[in-house]
Amino acid sequence: MRADRYVLLGLAPARQSWFTTVAHWSHTGTIAADFLKCQSAEEVRARLASEQVFSALLVDMVSSGLDRDLVDLARRSGCAVLLVGEARGRLDWRQLGADALLDPALERADLLEALARHAVTVGDPTLVSASTRRESGACAGSGTVVAVCGPGGTGASTVAAALAQGLARAGDRRVLLADLCLHAEQAMLHDAGDLGPSVQELVEAHRIATITTDDARRLAHTVPSRGYDLLVGLRRSRGWAALRPRAFEASFQTLRATWDIVVADTDADVEGEADGGSADVEERNVMARTALGEAQAVVVVGASGLKGLHALLRTAAELIAFGVAPARIVPVVNRLGRGRRHTVHPLRALADLLPSAITTPAIGISERRVESAFIDGTMLPDAVVDPVLAAVGPLLASPHGQREPTSVAVSVGTLGRWSPDDVGATAS
């Protein structure tokens, strides 16, 4: 016969009354469920990563390990998430991604109703993973995203600042320059002082809650000479370990809801778990993968010269393989020298080598007088700002700027399981 029981995971501080009550119901057969108590969020993650199938995760609202990433892991494992407790502060259980909020004075009928609505019994052929059921726990922002990236040392951070200045000058729009690089340098270029607050505080604020747009603005520095705001990046590159993926994604949506345009200065490394088999690498690259995945235009900056053009072409190919639409890519050759040989020839060679699907012609710029502008805190020269703005502007007004749907690989074990009885019944 098919198993007709729920398999529940529980996470709560010691001596929570509802925790003991559910365990008693399970042991005495009052509810048709197996209840496994977990002592920590790490134990929950270990059990979810096992081969066992779970119907639901019950988590107390005051559990220290409760955050967006734990909820997302459970949902991706095909496990419903039921929070137990009282709504408090800005912790919105819906935006956190949970399925329901139960009263701490839990009644048997309330639990069974929630399980019937949101969970499935183990062995039920309708058991699916969160790839089918999952809903975003964060409200999507409407702001436009422009990502600027490139191999190290090509001046991508300078181009990002120049683009932010041009977009802020071009209209009555709130523009944010967000430093999303592992080796963040915008704070140094803008003389941001104590380096705080930064992207780390923004993400930490979104770990279990959401913040208002006013709070988000207070986390940014104002750059009055150029008309945009600045969100400084990581204080140290190893700080990426504190940026949980779902919390960062929620933070990014808050930025899009707060500013009309977000210019993301980011890395070009988009390697994920599917590429190299390492979940840590994907989490390290979460800022770049998120910004580049949502950008309506992606500026790829390379240096002039043989090696610089080769690196630009390689970067563009990697971004296309990641899923960036070629029509959204803007190639930029930076630090061009003087004379036809150093200006026209590199751009002509790049035009011959770029994939034909990249429809925006490569542009060339020079960084003359840029150093003094950063030192003095003045506006960047028009010779740097105008060419990039002219190339990016049409993409922001074009339907090509919309994110194209992409296929998603199905991981092994994410489509649920059938019991042996179900398989036999189907065969017969």
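pLDDT is the predictor's confidence in each residue, from 0 to 100.

**Figure 1. The whole chain, a predicted model, and its confidence.** Welcome to the overview: this structure is a predicted model, and its pLDDT averages 84 over the protein. A score of at least 70 is reached by 85% of the residues. Two stretches deserve a careful eye. Residues 125–138 stay under 50 in pLDDT, although the model gives this stretch 43 contacts beyond four places in sequence. Residues 417–428 are also below 50, with 14 contacts in the model beyond near neighbours in sequence. Where pLDDT is low, the predicted coordinates should not be read in detail. In the protein there are 19 helices and 13 strands, and buried residues account for 52% of the 428 residues. Of the contacts between residues at least 6 apart in sequence, 76% join residues at least 24 apart.

**Figure 2. Strand β4 and its parallel partners, β3 and β5.** Strand β4 spans residues 80–84, and five of its five residues are buried, so the strand is largely enclosed by the rest of the structure. Ala-80, Leu-82 and Val-84 point one way from β4, while Val-81 and Leu-83 point the other way. Strand β3 (residues 56–60) runs parallel to β4 and is joined to it by five bridges. Strand β5 (residues 100–102) also runs parallel to β4, here with three bridges. Leu-83 is a handy place to start: Val-59 stands opposite Leu-83, and in β5 the bridge partner of Leu-83 is Leu-101. To follow the chain from β3 to β4, look for helix α3 (residues 68–76); together these three elements make a right-handed β-α-β unit.

**Figure 3. Asp-92, in the loop after β4.** The loop between β4 and α4 (93–96) holds Asp-92. With a relative accessibility of 29%, Asp-92 counts as partly exposed. Try picking out Ile-208 in this view too: Asp-92 and Ile-208 are 116 residues apart in sequence, yet their C-alpha atoms are 8.2 Å apart in space.

**Figure 4. Strand β7 between its listed partners, β9 and β10.** Strand β7 (residues 175–180) is mostly covered, with six of its six residues buried. Val-175, Leu-177 and Asp-179 point one way from the strand, and Leu-176, Ala-178 and Leu-180 point the other way. With β10, strand β7 pairs in the parallel sense over six bridges; Val-175 has Ile-261 as its bridge partner there. Strand β9 (residues 228–231) runs parallel to β7 as well, joined by three bridges, and Asp-229 of β9 stands opposite Leu-176.

**Figure 5. Asp-265, a buried acid in strand β10.** Asp-265 lies in β10, which covers residues 261–266. Which side chain of opposite charge is nearest to Asp-265? That side chain is Arg-226, 11 Å away, and Asp-265 is buried yet has no salt bridge. A salt bridge needs a side-chain nitrogen of Lys or Arg within 4 Å of a carboxyl oxygen of Asp or Glu, so a separation of 11 Å does not qualify. Beyond four places in sequence, Asp-265 touches several residues, including Val-148, Ala-156, Ser-157, Leu-177, Asp-179, Cys-181 and Gln-186.

**Figure 6. Salt bridges within and between elements.** The protein has 20 salt bridges in total. In one of them, Glu-201 pairs with Arg-235, with the closest N and O atoms 2.8 Å apart. Glu-201 lies in helix α9 (residues 199–205) and Arg-235 in the loop between β9 and α11 (245–258), so this pair ties together parts that are 34 residues apart in sequence. Glu-201 is partly exposed at 30% relative accessibility, and Arg-235 is partly exposed at 34%.

Asp-215 and Arg-218 form a salt bridge with closest N and O atoms 2.2 Å apart. The two residues are three apart in helix α10 (residues 213–218), and about one helical turn separates them. Asp-215 counts as buried at 14% relative accessibility, whereas Arg-218 counts as exposed at 57%.

Arg-246 and Glu-249 meet in a salt bridge of 2.7 Å, N to O, and they too are three residues apart, in helix α11. Arg-246 is buried at 18%, while Glu-249 is partly exposed at 26%. Finally, look for Arg-45, Asp-67, Glu-204 and Arg-207, which are linked in a network of salt bridges.

Definitions and conventions. Residues are numbered from 1 along each chain as its sequence is written. This is a predicted model: local features need pLDDT of at least 70, side-chain atom pairs count only at pLDDT 80 or more; totals for chains, interfaces and linings use all residues. Side-chain values use heavy atoms; hydrogens and water are left out. Helices (H or I, at least four residues) and strands (E, at least two) are DSSP runs, numbered from the N terminus. Buried means under 20% relative accessible area, exposed over 50%, partly exposed in between (1.4 Å probe, protein chains only). Lys and Arg count as positive and Asp and Glu as negative; His and the chain ends are not counted. Contact means heavy atoms within 4.5 Å. Two strands pair if DSSP finds at least two bridges between them. A crossover is right-handed if, with the strands pointing away from the viewer, the path from the first strand over the helix to the second runs clockwise.
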